[in-house]
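Student: Please take me through one part of this structure in close detail. I would like to follow a pair of charged side chains and then what lies around them.

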Amino acid sequence: MYSEGNIIYFDPFYFKNGSASTRKYFLVLKNMGDSAILASLPSSVIHLPSFVDIKHGCIDIPESCISCYIFEQRKPITKCGWAFDLNTFLYGNWLDDYTLDILKETYQIEGVEYEIIGRLTDVELQNVKNCFKNSNVVKRRYRKLLSE
């Protein structure tokens, strides 16, 4: 379930910081052994300046502290041909690590608490990783993990 490249849909997702739970997609970027993973929470909310073109791929503007990977709406990104309905954004400064034991305890029933949407194509996963591992906006330890 928590394999690199998997997109998981949680209903609801419980945020680590205690924010209100909500339905949320979750993209596993790196498996860090038996105990933790590095992940991104894709968002359909645009947090980019108006001068940025919304097109599929990596946006890196270090002088504005922007590191973002964009999935264009309806463009297939998984091996099974699945696509987001809306333009969807992965923000480099929102990458986070999650403890597998807590995730497994919290989300136990597939089809009720979560759904595995699919796995990013190998090219798409590599593009996302390259975007973030080469960005100065992303935490150094995460860049190092994505380079391994």
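Tutor: Lys-129 and Glu-4 form a salt bridge, with their closest N and O atoms 2.7 Å apart. Lys-129 lies in helix α2 and Glu-4 in the segment before β1 (6-13), so this pair ties together parts that are 125 residues apart in sequence. A salt bridge here is a side-chain nitrogen of Lys or Arg within 4 Å of a carboxyl oxygen of Asp or Glu. Helices (H or I, at least four residues) and strands (E, at least two) are DSSP runs numbered from the N terminus.

This is a predicted model, where local features need pLDDT of at least 70 and side-chain atom pairs count only at pLDDT 80 or more, while totals for chains, interfaces and linings use all residues. Residues are numbered from 1 along each chain as its sequence is written, and side-chain values use heavy atoms, leaving out hydrogens and water.

Now look at how covered the two partners are. Lys-129 is buried, with a relative accessible area of 9%, whereas Glu-4 is partly exposed at 22%. Buried means under 20% relative accessible area, exposed over 50%, and partly exposed in between (1.4 Å probe, protein chains only).

Next comes a second lysine, Lys-30, in strand β2. Lys-30 is buried yet has no salt bridge, and the nearest side chain of opposite charge is Glu-4, 4.1 Å away. For charge, Lys and Arg count as positive and Asp and Glu as negative; His and the chain ends are not counted. Leaving aside residues up to four places away in sequence, Lys-30 touches several residues, among them Glu-4, Lys-129, Ile-37 and Leu-38. Touching, or contact, means heavy atoms within 4.5 Å.

Two of those contacts, Ile-37 and Leu-38, lead us to strand β3. Five of the five residues of β3 (residues 36-40) are buried, so this strand is largely enclosed by the rest of the structure. Both of its faces are covered: Ala-36, Leu-38 and Ser-40 are buried on one side, Ile-37 and Ala-39 on the other. Strand β2 (residues 22-31) pairs with β3 in the antiparallel sense over four bridges, and pairing requires that DSSP finds at least two bridges between two strands. Val-28 has Ala-39 in β3 as its bridge partner. β3 also pairs with strand β7 (residues 96-99), again antiparallel and over four bridges, and there Ile-37 is matched with Tyr-98.

Let's follow helix α2, the home of Lys-129, in the other direction. An open sheet of three strands runs in the order β4-β5-β6 with antiparallel pairing. Its edge strands are β4 (57-61) and β6 (88-91), each pairing on one side only. Neighbouring strands in this sheet are turned by 25° against each other on average, direction ignored. Helix α2 (residues 122-133) packs on the sheet, touching β4, β5 and β6, and its direction makes about 170° with that of β5. Axes are lines fitted to C-alpha atoms, for helices over the stretch in contact, and angles run from 0 to 180 degrees between N-to-C directions.

Finally, a wider view: the whole structure has six salt bridges. One of them joins Asp-97 to Arg-141, with the closest N and O atoms 3.3 Å apart. Asp-97 lies in strand β7 and Arg-141 in helix α3 (residues 140-147), so that pair ties together parts 44 residues apart in sequence.
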